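User: I would like to learn how to read the features of a protein model in a careful way. Could you take me through some of them, giving the general idea each time and then the case at hand?

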Amino acid sequence: MSLTEQQRIAVEIAKKNEQSIHRGHRIGLDIETLKQAFLDNLFFVQGKPAALATRHDYYMALAYTVRDHLLYRWNNAAESYTQAQARTVCYLSAEFLMGPHLGNNLINLGIFDAVKQAIDELGLDFDDLLAQEIEPGLGNGGLGRLAACYQDSLASLEIPAMGYGIRYEFGIFEQGIRDGWQVERTDKWLRHGNPWEVVRPEWAVNVKFGGKTEAYADDQGHYRVRWLPEREVKGIPYDTPILGYKVNTANTLRLWKAEAIESFDFEVFNQGNYYGAVEDKMVSENVTKVLYPNDETLAGKQLRLEQQFFFVSCSLQDMLRILDGQGLEIEQFHEKFAIQLNDTHPAIAVAELMRLLIDERGLTWDQAWEITQKSFAYTNHTLMPEALEKWALDLFGRLLPRHLEIIYEINNRFLHLVRMAYPDDEDKVQRMSLIDESGERHIRMANLACVGSHQINGVAELHSELLKETVLADFYEFFPEKFCNVTNGVTPRRWMVLSNPRLSNLITRQIGDRWIKQLDDLKQLEALVDDGSFRAEWRQVKQAVKCDLANHIHQQMGLVINPDSLFDVHVKRIHEYKRQHLNVLHIVSLYIYLKHHPNAECTPRTFIFGGKAAPGYTMAKLMIKLINSVGQMINRDTEMRDLLRVVFLPNYNVTNSQRIYPAADLSEQISTAGKEASGTGNMKFAMNGALTIGTLDGANVEIRQDAGADNFFLFGLTAPEVEALKQEGYNPYSYYQNNPQLKAAIDLISAGYFSQGDTDLFKPLLDKLLYDDPFMLMADYQSYIDCQKVVGKTYGDHDRWTRMSIYNTARTGKFSSDRSIQDYCDTIWHVSPTPIELTNPTPTNEKPDSGKLICKLNPVA
């Protein structure tokens with residue numbers, strides 16, 4: 001923005017401010033009221049006159065303006081829930097990858113266009129203000145994004161709910177690419193403040209660590225145990241309102257920050273020990289400093305366990321505070337709260353609730369265990385045994401001595417029941433034990449979650465069945481009534497309405513806008529598949545969003561890509577089982593073929609990758625280097641200019657994914673069958689009209705069932721075939737020897753063609769494929785190559801491809817997170833909607849007198 005333009009805007013805003021002495025209505029929806037509220041927040045809340053305001057100031061003023069509307073609904077919801085003593089869903093998750101709040105809140109409030117008009121009339125760039133928001137990186141991938149979608153749907157379905165997690169000071173790292181390698185940079189998402197959160201220091205709780213326990217007899221002579229901790233940390237809640245779509249419900253996301261009980265020791269400071277004076281502050285705040293600290297060291301492992309226990313203990317103590325505040329008895333805890341454990345990270349909650357009920361509230365073991373089991377439900381997100389969390393017994397006992405005693409007692413009572421059921425099967429007893437006795441002793445958190453919960457669910461039909469057959473087979477045999485399936489879903493508000501407004505507007509013009517909350521309505525699009533003009537509009541929308549992405553890539557990376565090419569997109573966490581390197585082998589094979597057959601017919605393709613590798617995951621980082629090295633060579637080859645492009649978009653996050661999903665033609669969902677629990681990226685792609693190439697893994701199975709086999713590119717071994725091949729004795733090297741095309745691709749990489757002659761660079765990756773290949777790339781290679789040929793041929797028939805694209809979108813109704821949450825409500829939580837009626841925030845006057853705020857005080861949240 002030029003200085004002259006900025007001065008003009010400043011003068012205009014100054015004039016508006018002169019007209020505003022009183023604050024007036026903060027939540028009016030007409031354009032003039034929205035403009036005035038924005039100007040008030042800029043001046044009174046952000047504390048900037050227009051002449052000094054930056055773009056960030058304007059963003060903050062807009063955020064506060066929108067937040068006013070949220071707070072109006074939030075306070076009404078809190079009061080209504082308290083008065084109704086509504087049964088509440090408590091979603092415990094170590095990750096909440098919410099994404100930018102502003103745009104999503106405008107969508108859910110139904111004022112996106114009105115606010116855009118107001119900002120435009122003030123002479124500001126609305127899209128530029130949206131872009132100012134710093135995304136909170138409080139999650140690693142699908143787990144955290146699923147939790148975010150579920151918060152949106154809980155509010156949209158008017159279900160009383162609270163999300164509980166950690167307010168990490170530094171989130172998932174920002175990814176840069178230097179010389180093809182991933183570089184991790186600190187995610188300072190709080191550096192300019194966070195306008196969406198409200199701190200609640202009055203609801204702080206203390207969390208204990210370490211120390212010892214001692215037994216004693218209470219006043220009635222009953223055996224009791226008290227925990228004498230080595231140290232304590234204070235948990236401070238930071239609340240963010242989560243608004244539902246076009247309803248008055250605004251639920252709470254409560255994230256906990258760790259602080260010292262005493263942040264400054266004045267006596268130590270006066271002794272000249274300045275570091276020691278703040279040592280407790282630094283040690284305590286480390287608990288919530290970083291998302292997923294590297295746990296390769298003992299200190300890293302301890303910090304992770306501290307994080308998990310910290311947020312779980314804070315959250316359960318908070319629930320007890322709410323229970324007391326509403327005048328309910330402790331025996332009603334499980335009637336008031338339905339607690340969902342999002343994977344094993346919060347599984348320690350089972351032992352902590354037992355401690356709180358027995359040690360703090362005086363219940364008997366049997367009373368506490370009944371309440372605990374009725375309160376918790378457990379969602380499993382993995383089929384890989386190595387991913388089921390375990391904690392070394394020594395570490396656990398040092399950090400949580402009382403909880404180790406409780407887990408021993410739970411295990412003792414549980415294994416007694418197991419031995420009664422299976423008197424001659426000690427192997428089964430050992431497998432089901434909460435303590436892994438093989439080698440160094442560990443506590444099995446998944447086993448604890450299974451025993452302490454009344455319901456256990458997988459996240460896709462295939463995943464749930466495989467859980468029963470593999471990692472949780474013993475538990476399914478022992479209590480089959482606990483097991484059910486809830487297939488994951490994603491919110492169409494963020495992943496269609498906000499991310500892809502062109503497509504959303506096209507759909508709404510044809511079938512109305514009810515589909516935004518009733519996604520099954522998209523089936524009505526099937527009637528338009530044979531409408532040539534509709535197909536043409538569909539293609540125009542896709543082309544426009546592809547041009548947007550192409551422009552973004554050019555601006556960010558300086559790379560020119562052809563929006564007429566097939567956008568073949570593979571974006572997700574970088575991991576060997578997700579098989580990004582299988583995609584690379586296809587690219588190299590295609591490159592070799594085109595170099596040898598320069599006149600061959602070939603569908604032009606742009607291969608787009610994105611995703612982060614865990615900082616300690618060497619092989620995944622090498623995969624990123626391989627993608628970039630292959631891309632660098634191909635992109636420089638003038639013979640490939642109109643045929644192939646390879647792009648690795650750095651720092652894949654919610655913001656960038658909102659650009660990518662709408663623009664994709666082909667969705668790569670190529671994990672080894674039986675390894676992906678569900679996936680949600682596959683659903684987002686399909687909603688936006690991308691076609692899927694994939695294995696029968698996770699939710700791919702259900703996407704193919706619903707979209708139709710003719711609208712899905714299937715390849716690869718099935719999960720039973722993978723296991724059968726392993727049992728037969730899988731030899732990946734034989735595939736290399738017997739497939740000339742595969743051999744040529746691997747040999748070209750091995751020879752250093754993509755690494756400036758360095759034959760050692762990719763050797764670890766290639767050796768693992770040739771001599772181990774745990775995820776069956778070599779076995780699936782030819783099937784994948786053959787399927788990609790069908791993809792290329794199909795894309796050449798634009799009319800057929802468009803029909804398939806429309807069918808994919810039209811048949812994604814099942815994959816709305818609204819459906820998932822309704823399944824949880826009906827099957828697991830047994831909770832009903834609590835509609836919110838809004839009360840007038842200024843009932844005594846049409847406008848507040850002299851800016852005085854007239855309101856009611858609300859009790860507990």
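Analyst: What follows is a walk through two sheets, one helix and a few single residues. Please keep in mind that this is a predicted model.

User: Let us begin with the sheets. In what order do the strands of the open sheet of 6 strands stand, and is the pairing parallel or antiparallel?

Analyst: The order to read is the order in space, and here the 6 strands are arranged as 20-19-18-21-22-23, with parallel pairing. Strand 20 (644-649) and strand 23 each have a single partner strand and stand at the edges, so one side of each is left without a neighbour in the sheet. Further in, strand 18 (residues 566-571) and strand 19 (residues 605-610) run parallel and are joined by 6 bridges, with valine 569 opposite isoleucine 608 of strand 19.

User: Which helices lie on this sheet, and at what angles?

Analyst: Helix 23 (residues 532-557) packs on the sheet by touching strand 18, strand 19 and strand 20, and its direction makes about 70° with that of strand 20. Helix 34 (residues 798-810) lies across strand 18, strand 21, strand 22 and strand 23, and it runs at about 85° to strand 22.

User: How should I read the two faces of a strand, and are those of strand 22 covered or exposed?

Analyst: The general idea is that side chains in a regular strand alternate between the two faces of the sheet. In strand 22 (residues 691-694), Leu691 and Ile693 lie on one side while Thr692 and Gly694 lie on the other, and as all of them are buried, both faces are covered.

User: What are the pairings of strand 22, and how does the chain pass between the strands?

Analyst: Strand 22 pairs with strand 21 (residues 666-669) in the parallel sense over 4 bridges, and serine 667 stands opposite threonine 692. Between these two strands the chain passes through helix 27 (residues 681-687), in a β-α-β crossover that is right-handed. Strand 22 also runs parallel to strand 23 (residues 713-714), to which 2 bridges join it, and here isoleucine 693 faces phenylalanine 713. The way from strand 22 to strand 23 leads through helix 28 (residues 700-707), and this crossover too is right-handed.

User: What does an antiparallel sheet look like in this model?

Analyst: There is an open sheet of 3 strands in the order 13-15-14, with antiparallel pairing. Strand 13 (390-392) and strand 14 (435-436) are the edge strands, each pairing on one side only. Strand 14 pairs with strand 15 (residues 442-444) over 2 bridges, and isoleucine 435 has isoleucine 443 as its bridge partner. Helix 18 (residues 445-452) packs on this sheet, touching strand 13 and strand 15, at about 40° to the direction of strand 15.

User: For a helix, which residues are buried in helix 31, and why do they count as lying on the same side?

Analyst: One lists the buried residues and then asks how they are spread around the axis. In helix 31 (residues 740-750) they are Leu742, Ala745, Ile746 and Ile749, and they lie on the same side because the arc they cover around the axis is only 90°. These residues pack against helix 24 (580-596), helix 25 (618-636), helix 30 (732-738), helix 32 (763-771) and helix 33 (777-796).

User: What is found at the ends of helix 31?

Analyst: At the N-terminal end, asparagine 739 acts as a cap, with a side-chain oxygen 3.1 Å from the backbone nitrogen of glutamine 741. The helix is followed by glycine 752, whose phi is positive, near 90°.

User: Is leucine 748 of helix 31 buried or exposed?

Analyst: Neither term fits, because buried requires under 20% relative accessible area and exposed over 50%; leucine 748, at 21%, counts as partly exposed. Beyond its neighbours within four places in sequence, leucine 748 contacts Val588, Ile592, Tyr753 and Phe754.

User: Which residues other than glycine have a positive phi?

Analyst: Most residues other than glycine have a negative phi. Among those with a positive value here are asparagine 651, near 55°, and aspartate 773, near 50°. Asparagine 651 lies in the loop between strand 20 and helix 26 (654-663) and counts as buried at 18% relative accessibility. Aspartate 773 sits in the loop between helix 32 and helix 33, and at 2% it is buried as well.

Notes. Residues numbered from 1 in each chain as written. Predicted model: local features only at pLDDT ≥ 70, side-chain atom pairs only at ≥ 80, totals over all residues. Heavy atoms only, no water. Buried < 20%, exposed > 50% of the residue type's maximum accessible area, 1.4 Å probe, protein only. Pairing = 2+ DSSP bridges. Right-handed = clockwise from strand over helix to strand, strands pointing away. Arc of directions from axis to C-beta. Contact = heavy atoms within 4.5 Å. Polar contact = N/O pair within 3.5 Å; in protein donor to acceptor, adjacent residues only side chain to side chain. Axes fitted to C-alpha atoms, helices over the stretch in contact; angles between N-to-C directions.
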